[in-house]
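The following exercises are intended for work alongside the sequence and the three-dimensional model. Each task is followed by a solution in steps.

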Amino acid sequence: MRNPVKGQNIVIIGSGIGGLSTGIILSLLNFHVTVVEKNPLPGGLMRSYRRSGFDCPVGVHYVGALGHNEPLGKMFQVLGIPVDELFTPLGQEGIIDRYIFDDLTFDLPTEIDELENNLIKTFPKDTAALSTVMKNLRDISRRMRETPFLLYPNDPFQNMDYYQPMGELLESLHASAGLRAVLAVPCQLIGVPLNDCPILFHHMVLAGYLFSSWKLKENGGKMTDVFVRRFRELGGVLILDDGVKKISFADGRVTGVLLESETELSADAVVAAIHPKVLLNLLEEDVIRDTHRRRIQGLIETEGVIAVNAVVNAAAHPAVSHNIYRLHRDEDGIIKDGCFYQLRESNAPDSNLLSIITKSLYSDWRRWENTKSGSRGKDYEEKKLGIAATLLKKAEEIFGSLHDAQILDVYTPLTLRDYVNAPEGACYGAIRSSGQLLKIASLNNLPVPGLCFAGQNAIAPGVMGCLVGSFDAARRIVGAERFAKEIIRV
Ligand SMILES: Cc1cc2nc3c(=O)[nH]c(=O)nc-3n(C[C@H](O)[C@H](O)[C@H](O)COP(=O)(O)OP(=O)(O)OC[C@H]3O[C@@H](n4cnc5c(N)ncnc54)[C@H](O)[C@@H]3O)c2cc1C
């Protein structure tokens with residue numbers, strides 16, 4: 001979309017954090033906004049779910065940069081979402097993450113200077129490489145703080161050098177395998193391997209957490225409620241349990257959407273806060289040129305995960321104030337596999353919640369590809385529970401005996417595929433790798449008047465990435481001039 005939209009009616013497809021936050025910004029700009037969600041409940045990956053009375057997280061374990069005057073904090077302020085109601089600081093003991101490798105444990109501290117000290121102490125032979133890495137990290141961090149919503153001149157996206165893959169840079173700096181492995185972890189949070197992860201995204205993730213790190217006070221259901229409350233208070237309309245099945249066009253412009261229920265909604269613009277491949281299925285063949293269509297169809301996805309949520313006895317397993325990554329690397333510093341652990345308070349006083357997430361290939365679940373959540377059969381349940389039992393056993397190396405752990409739920413790439421329409425269960429949408437950057441960038445210039453993306457496929461994944469995408473979608477809809485006057489001023 002190249003020109004500001006004429007007209008006031010906007011339909012947003014998808015009520016994940018991308019859709020709801022775009023809805024809030026556009027409502028602040030006095031548009032009439034309707035968010036349409038295929039699921040009975042809003043929130044997409046942001047939402048938690050309940051099993052045996054316990055709230056289990058899906059896509060919000062920790063977020064960075066929510067402090068006052070920090071990038072995400074500023075965006076929440078514009079949206080009118082109260083950070084204190086939803087989040088509490090993580091890393092009270094000075095550690096955000098603990099990375100445990102076979103031969104090394106590295107603590108990610110809460111500040112950039114401490115990170116530099118820890119890295120130099122741990123990798124004394126890497127001082128030259130570290131000097132470049134820290135210089136870049138400080139530059140990106142400064143730009144993130146200075147530019148409103150990361151969208152204006154001098155924002156970190158403008159420096160083309162930062163699109164070089166992080167792995168390539170470290171190679172040229174002769175970084176040790178240990179350093180590479182430690183620096184590979186932030187890339188995992190957006191689902192890109194170090195060797196193909198643009199410096200920009202790596203550093204934005206890392207800098208975000210170093211500004212400040214936060215976890216949810218309660219759960220993703222509450223977070224969703226607060227976003228929905230704000231959206232509705234601004235006059236937004238939310239339609240649930242009725243997916244969009246077609247986007248309508250006339251004279252080369254978007255005119256509205258058709259829902260599964262056959263309801264037609266007219267619109268002057270449609271924001272797709274969904275995966276690009278899902279969007280393609282909503283468009284008539286001739287709306288997008290073949291080359292563009294093929295480019296989208298050919299996008300490589302981020303990998304899927306299997307996740308276990310289990311409840312443990314709080315006295316035996318007190319909550320841990322940082323996240324833990326148990327990782328295995330090869331001699332080149334490439335992370336081969338690993339697990340993310342978060343052991344936190346649950347909503348019941350005597351129990352804590354252990355979340356375990358690890359990579360799981362879609363192809364490993366292909367046998368059940370044509371089944372639906374809840375009716376995949378006994379073999380699927382057995383496979384899932386077998387993996388969960390192995391993951392719990394492995395977690396004992398860190399947390400001690402977990403014989404009392406009660407598995408609440410296990411979800412797989414197929415679960416996420418069906419739940420939020422994520423092709424191949426991709427956790428973070430299409431991969432933001434250096435190799436795929438041009439294809440991905442072209443998504444931001446859909447040659448269709450009145451249609452643009454928001455959410456994790458617009459600019460970047462994660463809560464911060466989604467919000468940058470939402471502000472960018474709003475900027476496209478109202479035009480840069482009005483956006484600068486009315487939103488940046490807020
Ligand atoms: C396991 C996991 C852990 C994560 N952990 C973190 C974390 O700790 N911190 C962090 O910052 N990020 C994390 N993320 C990433 C973060 O959750 C996502 O980037 C973000 O929630 C994506 O939001 P979204 O709005 O783009 O997409 P989604 O949340 O996927 O929302 C898309 C919505 O569109 C709906 N939809 C799809 N098709 C249609 C249709 N045709 N009609 C109507 N509705 C439709 C879907 O049902 C869904 O509700 C994690 C992700 C995963 C999977």
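How many of the nine residues of β15 are buried? The model to be examined is a predicted one.

**Exercise 1. Describe the cover and the partners of β15.**

Step 1. Take the burial first. Eight of the nine residues in β15 are buried, and the strand is thus described as mostly covered.

Step 2. Identify the first partner. β15 is joined to strand β18 (residues 351–359) by nine bridges, and the two run antiparallel. Val-305 has Lys-359 in β18 as its bridge partner.

Step 3. Identify the second partner. Strand β19 (residues 406–411) is also antiparallel to β15, with five bridges between them. Here Val-308 stands opposite Val-410.

**Exercise 2. Locate the ligand with respect to the domains.**

Step 1. List the domains. The assignment divides the protein chain into domain 1 (9–57 + 220–300 + 431–488), domain 2 (110–214) and domain 3 (305–359 + 361–411).

Step 2. Examine the shell. The ligand is surrounded by 39 residues, and the closest are Gly-14, Gly-16, Gly-44, Gly-59 and Gly-455. Two or more residues come from each of α1 (17–28), β15 (305–313), α13 (413–420) and α15 (462–478).

Step 3. Sort the shell by class. It contains 23 nonpolar, 14 polar and two charged residues.

Step 4. Draw the conclusion. Because domain 1 and domain 3 both contribute residues to this shell, the ligand lies between them.

**Exercise 3. Characterise the contact of domain 1 with domain 2.**

Step 1. State the separation. The centres of domain 1 and domain 2, taken over C-alpha atoms, are 29 Å apart.

Step 2. Count the residues on either side. Contact involves 15 residues of domain 1 and 16 residues of domain 2.

Step 3. Find the main contributor. On the domain 1 side, α15 gives the most, with six residues.

Step 4. Consider the composition. The side of domain 1 that touches domain 2 has eight nonpolar, four polar and three charged residues.

**Exercise 4. Reconstruct the open parallel sheet and place the helices on it.**

Step 1. Set out the strand order. Five strands, in the order β10-β2-β1-β14-β20, form an open sheet with parallel pairing.

Step 2. Examine the edges. β10 (237–239) and β20 (451–453) each have a single partner strand, so one side of each is left without a neighbour in the sheet.

Step 3. Add the twist. From one strand to the next, the twist averages 20 degrees.

Step 4. Inspect one pair within the sheet. Strand β1 (residues 9–13) and strand β14 (residues 269–272) run parallel and are joined by four bridges. In this pair, Ile-13 stands opposite Ala-272 of β14.

Step 5. Place the helices. α15 packs on the sheet and touches β1, β14 and β20, with its direction at about 160 degrees to that of β20. α1 lies across β1, β2 (32–36) and β14, and runs at about 170 degrees to β2.

**Exercise 5. Describe the hairpin formed by β7 and β8.**

Step 1. Establish the pairing. Strand β7 (residues 95–100) pairs with strand β8 (residues 105–109) in the antiparallel sense, over five bridges.

Step 2. Describe the connection. Four residues make up the hairpin that joins β7 to β8. Ile-100 has Thr-105 in β8 as its bridge partner.

**Exercise 6. Assess helix α2 and its end.**

Step 1. Count the covered residues. Seven of the nine residues of helix α2 (residues 71–79) are buried. They are Pro-71, Leu-72, Lys-74, Met-75, Phe-76, Val-78 and Leu-79.

Step 2. Look at what follows. Gly-80 comes after α2 and has a positive phi, near 80 degrees.

**Exercise 7. Determine whether Ser-52 and Ala-65 are buried or exposed.**

Step 1. Consider the backbone of Ser-52. This residue, in the loop between β3 (49–51) and β4 (54–56), has a phi near 50 degrees, a positive value in a residue other than glycine.

Step 2. Apply the cut-off to Ser-52. A residue is exposed if 12 or fewer other C-beta atoms lie within 10 Å of its own. Ser-52 has 11 other C-beta atoms within 10 Å and is therefore exposed.

Step 3. Consider the backbone of Ala-65. This residue is found in the loop between β5 (63–64) and α2, and its phi is positive, near 65 degrees.

Step 4. Apply the cut-off to Ala-65. Burial requires 20 or more such neighbours. Ala-65 has 27 C-beta neighbours inside 10 Å and therefore counts as buried.

Notes:
Residues numbered from 1 in each chain as written. Predicted model: local features only at pLDDT ≥ 70, side-chain atom pairs only at ≥ 80, totals over all residues. Near = placed C-beta within 6 Å. Nonpolar A, V, L, I, M, F, W, Y, C, P; charged D, E, K, R; others polar. Domains from an automatic or database assignment. Contact = placed C-beta atoms within 7 Å. Pairing = 2+ DSSP bridges. Axes fitted to C-alpha atoms, helices over the stretch in contact; angles between N-to-C directions.
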